[in-house]
Amino acid sequence: MDKEGVSYNVLKHSEAFTAQEIAASMHVPGKEMAKVVIIKGDERYAMGVLPASYRVDMDMLKKVLNAKKIRLATEEEFGNLFPDCEVGAMPPFGNLYDIDVYIDKTLSEDEEIVFLGGDHIESIKMKYKDYAALVKPVIAEFGIKSH
């Protein structure tokens, strides 16, 4: 982000392991807090990015990925894909790891997004348009608001 001249803020918070916990501790609306899920679609990995307050609709995502079968990847499977990140704390920059990124349309409508920065105690806040310019994610509908 520095190399590209993109403005962002690093936000420190108490150790948290879910996007909802982080959003609550930082008083960020769940709709602006991005969570990352790693999907195994057929024989390839994909990164799904959606609001913390949403869950993945696997049927919708299966169509988006044009895959015969999909499932959430396990931490054991994807841990090695992000060697510079704590397991489960990877930022939504799959492009840096040669993984396609799909972002739920709801997040693309936010002016700013917040996401984990590679560990469980720091998050990054930046303008969505800057994020999209860096990552060039596929915008799709695959999230459902959790109850």
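Me: What phi does Lys136 take, just after α5?
Reply: Lys136 has a positive phi of about 55° and comes just after α5. Helices (H or I, at least four residues) and strands (E, at least two) are DSSP runs here, numbered from the N terminus. This is a predicted model, in which local features need pLDDT of at least 70, side-chain atom pairs count only at pLDDT 80 or more, and totals for chains, interfaces and linings use all residues. Residues are numbered from 1 along each chain as its sequence is written, and side-chain values use heavy atoms, with hydrogens and water left out.

Me: Why remark on the sign of phi at all?
Reply: Because most residues other than glycine have a negative phi.

Me: And Asp42, what is its phi and where is it found?
Reply: Asp42 is not a glycine, yet its phi is positive, at about 55°. Asp42 is found in the loop between β2 (34-41) and β3. With 28% relative accessibility, Asp42 counts as partly exposed; buried means under 20% relative accessible area, exposed over 50%, and partly exposed in between (1.4 Å probe, protein chains only).

Me: Is Asp98 buried or exposed?
Reply: Asp98 is exposed, at a relative accessible area of 76%. Asp98 lies in the loop between α3 (75-78) and β6, and its phi is positive, near 60°.

Me: Back to α5. Which of its residues are buried?
Reply: In helix α5 (residues 128-135), the buried residues are Tyr128, Asp130, Tyr131 and Val135. Seen down the axis of α5, these residues fall within an arc of 160°, so they line one face of the helix. The arc is that of the directions from the helix axis to the C-beta atoms.

Me: What covers those buried residues of α5?
Reply: The cover includes the strands β3 (44-51), β6 (100-104), β7 (112-116), β8 (122-127) and β9 (138-140), together with helix α4 (105-108). Contact means heavy atoms within 4.5 Å.

Me: Asp110 next. Where is its place, and what does it touch?
Reply: Asp110 has its place in the loop between α4 and β7. Leaving aside residues up to four places away in sequence, Asp110 touches Lys31, Glu32 and Tyr128. Asp110 is buried, with a relative accessible area of 9%.

Me: And in β6, is Tyr102 buried or exposed?
Reply: Tyr102 lies in strand β6 and counts as buried, at 9% relative accessibility. Not counting residues up to four places away in sequence, Tyr102 touches Arg44, Ala46, Met47, Gly48, Val49, Val64, Leu65, Val138 and Phe142.

Me: How many residues apart are Tyr102 and Val64 in sequence?
Reply: Tyr102 and Val64 are 38 residues apart in sequence, and 8.7 Å apart in space, C-alpha to C-alpha.

Me: What about the contacts of the whole protein chain?
Reply: Among contacts between residues at least 6 apart in sequence, 64% join residues at least 24 apart. The protein chain has five helices and ten strands, and 48% of its 147 residues count as buried.

Me: What does the radius of gyration say?
Reply: The protein chain has a radius of gyration of 14 Å, which agrees with the value near 15 Å for a compact globule of 147 residues. The radius is taken over C-alpha atoms, and the globule rule is 2.2 Å times the number of residues to the power 0.38. Along its principal axes the C-alpha trace spans about 40 × 35 × 30 Å.
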